[in-house]
Structures are given as structure tokens and as C-alpha cells.
Amino acid sequence: MMHGHDQSDPLIVAQKSANNTGSSVAESMEPRSGAKGKTLKSTTCRTRNRESVSPGLERLRQFVIREPKARLTTLLHHLTVDLLRWSYYALERKAAAGVDGRTWEAYGEHLEEHLRDLHDRVHRGAYRALPSRRRMIPKPDGSQRPLGIASIEDKIVQRAMVEVLHSVYEPEFLGFSYGFRPGRSQHDALDALWVAISTTAVNWIADADIRSFFDTVNHEQLIGFIEHRIADRRVLRLIRKWLKVGVLEGTMLTTSATGTPQGAVISPLLANIYLHYTFDLWVQQWRKRTARGNMIVVRYADDLVAGFEYQAEAKAFLDELRIRFETFHLGLHPQKTRLIEFGRHAAEQRRRRGLGKPETFTFLGFVHICATSRSGRFLLWRKSRRDRMRAKLQAVQKELHRRMHDGLATQGRWLRSVVGGYFNYHAVPTNSASLSAFRHFVLLLWYRTLKRRGQKDRTTLEKLARVSEKWLPRVRILHPWPNRRFAVKHPRWEPSAGIPLARICAGGA
């Protein structure tokens, strides 16, 4: 929700104007870490503790806050051997190898030698990015998504550069942006949306979907956005390399002038930068200059949800957003972008007009429903999407068939990790029925798999249900009510906030 920028928010430190390209803006030099000949002692550990990487990045963040219009001319010196080492240990150990064939474990056999050589090549300009190896992964709707698997060195350098760029952009990203940001998760975005709809007089929800966003990002416009803040040509050259490197499928190398490399470590951050300039800053100004009623906004990567008090403003917003996106080679999906009547008073208003229940919308794996509590008050009900659950169960069935002849305990341990992982994300208040259904169908699939092992198998469903108590987690809600977690992460009662809770979307804007 966007009703003024709250400087007291611990997650929002500064905000950036839409255009910082005027010639009057001086190009400030960001001070180098370890100045005056003092060598910083390495504090890097082999964990993912961000604070242990480099105190220079904290100084960089503070400089960005003090100088919101400065263009940073020296950034690459932050890419140290220590940061590369931290980046290596932050990567997924069992990830597939890229076109170079080197795995995480193989690269670590002579890690220090490899990292010093990589650091030297990056700073000399001799580092060459390799094409990504394409792999197709299934989507819940049955189609396939192309995934690019980068080489181990590309992953290391990209992960380190992401850490540097986070110090630059985190103070500038707005509060309603949640995707792929440090300290923010999908559940933070879900909490923000729940609180915003539950406490604000919005009656219409615009559920917007950007068509093929990651495939249509324009490279030159993306670089132009980055140049608003960064003037280090070596960093810009690295980013251009990763954008232009292409994908190798068999012996066929494919390159494109649009899109961010899907699966690349740096892609989510580049996507956030692109949407920060094309959407976030624009919608912030639209709220201030155009909207007269209440308005809420939550964005997680390319998933957008906006709420409005008045239908006319909601329609105007979508029309102007389409025009805005066309300017930057983006488009709203015509079938997946909808405007629905939804909110605290939607059910009553529709009943007066002789209409049915309010429509529902999906966001981050959950269906959002207008409902009422036992006391008769409005309650935003959330349940797991059926298509996603169905796709997950199909994957479980396929893997159980592969593990058919494993021992009961081996199968049970694997299923415990599957069900536990599903519950870790989906066990939110009001979703108990979906959790019970998922657990029940997993048990049914397990029973059918055991019966197929042979005609002499005497396992009954009742016996397996008793055995499953040892292996399958019981249904229970793991997440608190969104307003409680939201209040802890985004306290608004301090005098300096100056804005009541009901008019703030998580993080402020």
C-alpha cells in the first residue's frame, strides 16, 4: 500500500527518483575499502553469513544512502578473493554442472588456487563467460520451461556481483517489492497482501501477469537503467557478457538481444532492477498524482497484485500500465490479467446487486478467497492451488514408482522430507483442509505403490495408516497469522512512523 514513504521502516532506507540522468549530477567516487595502505584482515567464514564477507560492502551501502544521486565509478574492487570464496560456499553443492563439466566438489579440490586465478582474470578483463547449458524442466500446467545451467565460475562471479549490487540497490528498492531480496520471502509478500486487503478499504483487485517477462527484458534498456547508478565500465562489461553469452543446446549456440538468462544467479536481481524503473517508481508516482481512493500494491518478481477503492481508478491503472509496459517492450498477459471485485465489502455489495460470491485470485501458490470468520467478520481465506498440488502429487507418484522396491523405512524417510517440505510452505492459517488432502493422497499413492510390488504383499491401507504416523508429519499450522508476523517485522506504532497500520503495505513505499 502506498500512502507515503515511511523513513522509520528498517527495511527501507532511501528511495530514488525516476530519473538521475541529468548532466548536473556529479559522478561521485565511492571510496575504496582498505584505504591508506591498511590491509583488511579476512573475516570470511564458510557459512552464508552476509555480515562476515566484507565491511567494505557496508560502507558502500552507507555511501549510497548518503548520496542518492551519485553514480558509482568504482565497484569492481569489492569483488575480492574473500567474497568469491563466500560466493562459492553459498552455491548449491549438488547443482548440475555447466558446459565446462566442473561440479562444485571438483572445483573445490584446489579452491584457493582456482579463486586467486579467477580473481586475477576478472580484474584483468581476461575472464570469459561461458554459454549456459539448456535443460527443460516441467511446469505445473504440463508445459516445459527452459533452464540455463551456468558454469561453476560464472555462478561464483555472478553470486559475488549480486552481493555487491545488493549493497547499491537495496536502499533504493521500494517496500512493496519482495522478490529475491535479502531478508524478504514469499511469505512476507503474502503477509503484506493479507494485511493490506484485511485492513484497507479496497473493493477491486487487479491481478496482473507480465507475459513472458524473463524472455522479453530488453538488454539495452536494462543497461541504461543500471547506468543511472553505476558508471564502473568493468561492472557493466561483466553484466553485458552474462546477458549476451547465450545458451548451448547440443552443438547449437543460441543468443538473443532480449531476456535474462533463466537459471542464472544474477537474473533475479537484474529483473528487479528492470521492474524497479519500469513499474515500481511509476506506480509510486501514479498513486501520488492520480489515485484519489485507497490503493495497495504488492510485487514479488513479476507477480503483481494491486488493490483499489474505486473501480474507475482500477481500470485506468490497468490501461495506463499497458501503455507504460509497451514503452519498455513488456506486455500484460490478456488471459491472465483480471480485474475482480474483492475486499471486505465485496460479498455484501455483490449480494445487494443480486450477484454471486466474489471471484478468487491466485498469488504465490495460494488461492485468495473472500470469507467470514466465526464471529461474522471479513476473513481473507487462503488455500493451496489445486493445480500445483496435483502436479506435486504426480511428481511424488513418479518418484515412488522409481523407489518401488526400496524398503518401507527408506520410502518413509523420503516421503517425510517431501510432506514436510510441502507443509513448510503451505501450512498457513485457513489451509488445514488442503494439507490434510495432500497428506491423504500421498498415503494413498504409497499404498498403491506397495500393492504393485507383488501379489503376496499383505499391506492394508489401515496398517499403512498406522505405520505412516511414524514417517509422515501430522497436519498442523506452522505459520502465524499474517497480521502478527507483519506487526513484528514492520512495527508502525512508534511516533516517528506517523501513519496508522491500516494505511501501510509491508515495507512502506
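**Exercise 1. Determine how strand 1 and strand 2 pair, and which residues stand opposite each other.**

Solution. Strand 1 (residues 132–138) pairs with strand 2 in the antiparallel sense, over six bridges; strands here are DSSP runs (E, at least two residues; helices are H or I, at least four), numbered from the N terminus. Two strands count as paired if DSSP finds at least two bridges between them. Next, take single positions: Met136 is opposite Pro146 in strand 2, and the bridge partner of Arg135 in strand 2 is Leu147.

The model is predicted: local features need pLDDT of at least 70 and side-chain atom pairs pLDDT 80 or more, while totals for chains, interfaces and linings use all residues. Residues are numbered from 1 along each chain as its sequence is written, and side-chain values use heavy atoms, with hydrogens and water left out.

**Exercise 2. Place strand 1 in its sheet and give the strand order.**

Solution. Start from the other partner of this pairing: strand 1 and strand 4 (residues 247–249) pair in the parallel sense over two bridges, with Arg133 opposite Leu248. The sheet is open, has four strands in the order 2-1-4-5, and its pairing is mixed. Strand 2 and strand 5 (252–254) are the edge strands, each pairing on one side only. From one strand to the next the twist averages 40 degrees.

**Exercise 3. Describe the packing of helix 10 against helix 11.**

Solution. Two packed helices are described by the angle and the distance between their axes. For helix 10 and helix 11 (residues 311–327), the axes come within 11 Å and cross at roughly 145 degrees; axes are lines fitted to C-alpha atoms, for helices over the stretch in contact, and angles run from 0 to 180 degrees between N-to-C directions. On the contact criterion (heavy atoms within 4.5 Å), residues of helix 10 including Tyr277, Phe279 and Trp282 meet residues of helix 11 including Ala316, Phe317 and Arg324. By class, this contact has nine nonpolar, one polar and three charged residues.

**Exercise 4. State which helix gives the most to the lining of the second largest pocket.**

Solution. A pocket is an open set of points on a 1 Å grid over the protein atoms alone, where a 1.4 Å probe fits, with protein on both sides within 12 Å along at least five of seven lines; lining residues have an atom within 4 Å of a point. The lining of the second largest pocket has 31 residues, and those nearest its centre are Leu91, Arg159, Gly263, Ala264 and Val265. Strand 2 (144–149), helix 5 (152–169) and helix 10 (267–289) each supply at least two lining residues. Helix 5 gives the most, with five.

Technical notes: Ala, Val, Leu, Ile, Met, Phe, Trp, Tyr, Cys and Pro count as nonpolar, Asp, Glu, Lys and Arg as charged, and the others, Gly among them, as polar.
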